[in-house]
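Reader: Please give me a close look at a single part of this model, a place where two elements pack. Then work outward from there to the rest.

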Amino acid sequence: MKSYDLITPEGTRDLLYGECAARRGAEETLRGIFLSHGYSEVITPALEFYDVFNNKTRNIRQESMYKLTDEKGRLMALRPDSTLPIARIMATRLRGCTLPLKLFYSQNIYRANPKMSGRDDEITQSGIEIIGGEKKRSDLEALSLAAQALDLFGSKEVRLELGDNGFYKFLIRELGIEDDESVRVLIKNKNTPELERLLEAYFGTDKEKAAKMLLGLPKLFGAGEVFEKADALLDYPELKARLAELKQTYDALCELERGDRITVDLGLVNKADYYTGIIFRGYIEEYGQAVISGGRYDTLIGSFGIEEVAAVGFAANINAIAAAVHKNVKLKAPDVLVYARDGCLTDGIRHCRSLAQSGLIAEYYDGEDEQAAREYAKSRGITRIDVIGAEQSGAKAK
Amino acid sequence: MNDSKNIRIALTKGRLEKDTAALFEKAGYNVEMLRNKGRRLIIEIPETGIEVVLAKAADVITYVEHGVCDMGVVGKDTIDEHQGSFFEVCDLGFGKCKFALAGRKGENFYEGFGVKTIATKYPNVTRRFFEAKGMDVDIVKIEGSVELAPLLGLSHGIVDIVETGTTLKENGLEVYEDVSPISARVIVNPVSMKLKKAAIEKIVAQMEQHRGE
């Protein structure tokens, strides 16, 4: 039988040294930001029941989940997302708690990507959820934290992009089109040619106005000038009100951050669709996909059978952030290598401990030979070697 | 990702590449180096900040998806078969043909209750087409001339690209049903679209402007 004991499954990888340090560094930095703003950390199981992720309102594609069964034959999934488990906690252990509530997480999610796509199936995500806050305030706070996360790449070109899928949702309701993935994908991929083919049927009817607006939606992206263009195109009082609200958030964010880093895209929609208002993405140069993704989800928690609680949150892709900054991470060599001669092993350990306590990085040499210890230190880039115990005359004579 | 200020465009080698070069020429670009490229795979278009990469159709999608090329020109057939996440911003109108379901002339494909076997080079397109009809079919992947399969009795029909229909006719086959239209499309990496918006929109606008000529 063929054995696969020397490789890792496609989409997963071992992280060694610098790569590992880059991953942990990115994670720790984000944790630091979240903790310093009063967020509380939660850890949810990697293994959950499948139903958490798949029902009418929370449809993560079943093809993209890793599934297995428990001993009763119930279907389980490796979590493909952290927001849904947190919504589950809100409906159970945190039900009736004081709101607003601010949570953060830093854990792996699992997605079954098409093979040979070169994408990660195991992704470390760090993110926040602001639950039960007032809309304007919590949207702005979530965005400002996302901007802070993007600031970690100070030297790179970054963009934080705002959208609101309310425009899309309103227009397809107006047109009487069912909100299914095929339509969302056309908008999301800015596929104007196909969208035009789909909407042609509405031209020349009383729905032409809405069809033209939907067709124009994917093109409404860029800097602040988008708002004027959108105002000219979107001719419904509901949409104008939504646009004014988004503009307010945009202006507030521009006041906080460098304005040239903030953009708008009214054609932003998500494939997995639990968002109900503002959505946003973070991009950095050198990475072909969004590194931050988030938005408002006011009906998701209610879908777990409790009263609706409004919420907003985002997740940052730590794999991507680490890959982008990896070049800059250099592992620090230990300050001291401690070699203990025969008969002085406990003294060696003691010495090593006291060095470590004094704040140095002290590595205990686990080999027997002193010369080998010196070569080892050289290969590791350690400049100081502490040899413990007196030279043994007998050993030398040999 | 392609982080230079240049715009890197992946073209599908062969006819789409020639048609796109003609389009660029109409738009006033100097395409001499693209025409006389020899064996080079990366070609610069002088004074435009555009770099052209020549690749096989499916690879155009891969390069754009990963962002190492900012945009690409590829047939809708390849997009439908491989899919992926990128912006599909413009229909160039050339490379026109269609996916169609075909089989032996004069036979009724939908007759009978047996599960049908379909031979194709495009299993994903075929699967989606029959899934939408709620029809179970067996799909056999063929690499070469798919027309052989129904003639040899391997399949009841084929799903393939049909341009003029001459090959079908000469082999005693006919189109039963159109599956979907095909033409050349411009695709763009989502992050490139956001970070290099002005440059990319300019190129797309120029292509759109001259595509009908």
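Author: Start with the term the close look needs. Two residues are in contact if their C-beta atoms, placed from the backbone, lie within 7 Å. Keep in mind that this is a predicted model.

The part I choose is the packing of α6(A) against α7(A). α6 of chain A spans 192-199. Its partner, helix α7 of chain A, covers residues 208-216. The axes of α6(A) and α7(A) are 10 Å apart. The angle between the two helices is about 170°. Angles over 145 degrees count as roughly antiparallel. Therefore α6(A) and α7(A) are roughly antiparallel to each other.

Which residues make the contact between α6(A) and α7(A)? On the α6(A) side they are A:T192, A:L195, A:E196 and A:L199. On the α7(A) side they are A:A211, A:L214 and A:L215. By class, this contact has 5 nonpolar residues, 1 polar residue and 1 charged residue.

Now step out to the interface. In all, 17 residues of chain A are in contact with 16 residues of chain B. α6(A) has a part here too: α6 and β7 (158-164) of chain A each supply at least two residues of the side that touches chain B. That side of chain A holds 3 nonpolar, 8 polar and 6 charged residues. Set this beside the helix pair, with its 5 nonpolar, 1 polar and 1 charged.

One residue of chain B deserves a stop. B:H66 sits in the loop between α3 (57-65) and β4 (71-75) of chain B. Leaving out residues up to four places away in sequence, B:H66 touches A:G118 and A:G288. Is B:H66 buried, exposed or partly exposed? B:H66 has 19 C-beta neighbours inside 10 Å, so B:H66 counts as partly exposed. The cut-off matters here: a buried residue needs 20 or more. Within its own chain, B:H66 and B:S85 have C-alpha atoms separated by 9.4 Å, and they are 19 residues apart along the chain.

Back to chain A as a whole. The domain assignment gives domain 1 as 17-328 and domain 2 as 336-397. How far apart are the C-alpha centres of domain 1 and domain 2 of chain A? They lie 53 Å apart.

Further along chain A there is an open sheet of 3 strands. The order is β14-β13-β15 (chain A), and the pairing is parallel. β14 (362-364) and β15 (384-388) of chain A are the edge strands, each pairing on one side only. From one strand to the next, the twist averages 25°. Strand β13 (residues 336-340) of chain A is joined to β15(A) by 5 bridges. Within that pairing, A:Y339 has A:V387 as its bridge partner. A helix completes the picture: α11 (residues 345-357) of chain A lies across β13, β14 and β15 of chain A. Helix α11(A) runs at about 165° to β13(A).

Now chain B. The chain has 9 helices and 11 strands. Its C-alpha atoms fill a box of roughly 60 × 30 × 30 Å along the principal axes. Of the 213 residues in chain B, 42% are buried. Among contacts in chain B with a separation of 6 or more, 67% join residues 24 or more positions apart.

A sheet of chain B comes next. 5 strands make an open sheet in the order β8-β7-β9-β6-β10 (chain B), with mixed pairing. At the edges are β8 (137-141) and β10 (173-182) of chain B, each paired on one side only. Neighbouring strands here are turned by 25° against each other on average, direction ignored. Strands β6 (residues 97-104) and β9 (residues 157-162) of chain B run antiparallel and share 5 bridges. There, B:K98 stands opposite B:V162. Helix α5 (residues 123-132) of chain B packs on this sheet and touches β6, β7 (116-120), β8, β9 and β10 of chain B. The direction of α5(B) makes about 170° with that of β8(B).

Last, a hairpin. β2 (residues 42-45) and β3 (residues 50-55) of chain B are antiparallel, with 4 bridges between them. B:E44 stands opposite B:E51. The hairpin has 4 residues between β2(B) and β3(B). In the turn, B:E47 has a positive phi of about 60°.

Terms used. Residues are numbered from 1 along each chain as its sequence is written. Chains are lettered from A and ligands numbered from 1 in the order in which they are written. This is a predicted model: local features need pLDDT of at least 70, side-chain atom pairs count only at pLDDT 80 or more; totals for chains, interfaces and linings use all residues. Ala, Val, Leu, Ile, Met, Phe, Trp, Tyr, Cys and Pro count as nonpolar, Asp, Glu, Lys and Arg as charged, and the others, Gly among them, as polar. Two strands pair if DSSP finds at least two bridges between them. Axes are lines fitted to C-alpha atoms, for helices over the stretch in contact, and angles run from 0 to 180 degrees between N-to-C directions. Domain bounds come from an automatic or database domain assignment. Angles under 35 degrees count as roughly parallel, over 145 as roughly antiparallel, 65 to 115 as roughly perpendicular and the rest as oblique. A residue is buried if 20 or more other C-beta atoms lie within 10 Å of its own, exposed if 12 or fewer, and partly exposed in between; C-beta atoms are placed from the backbone.
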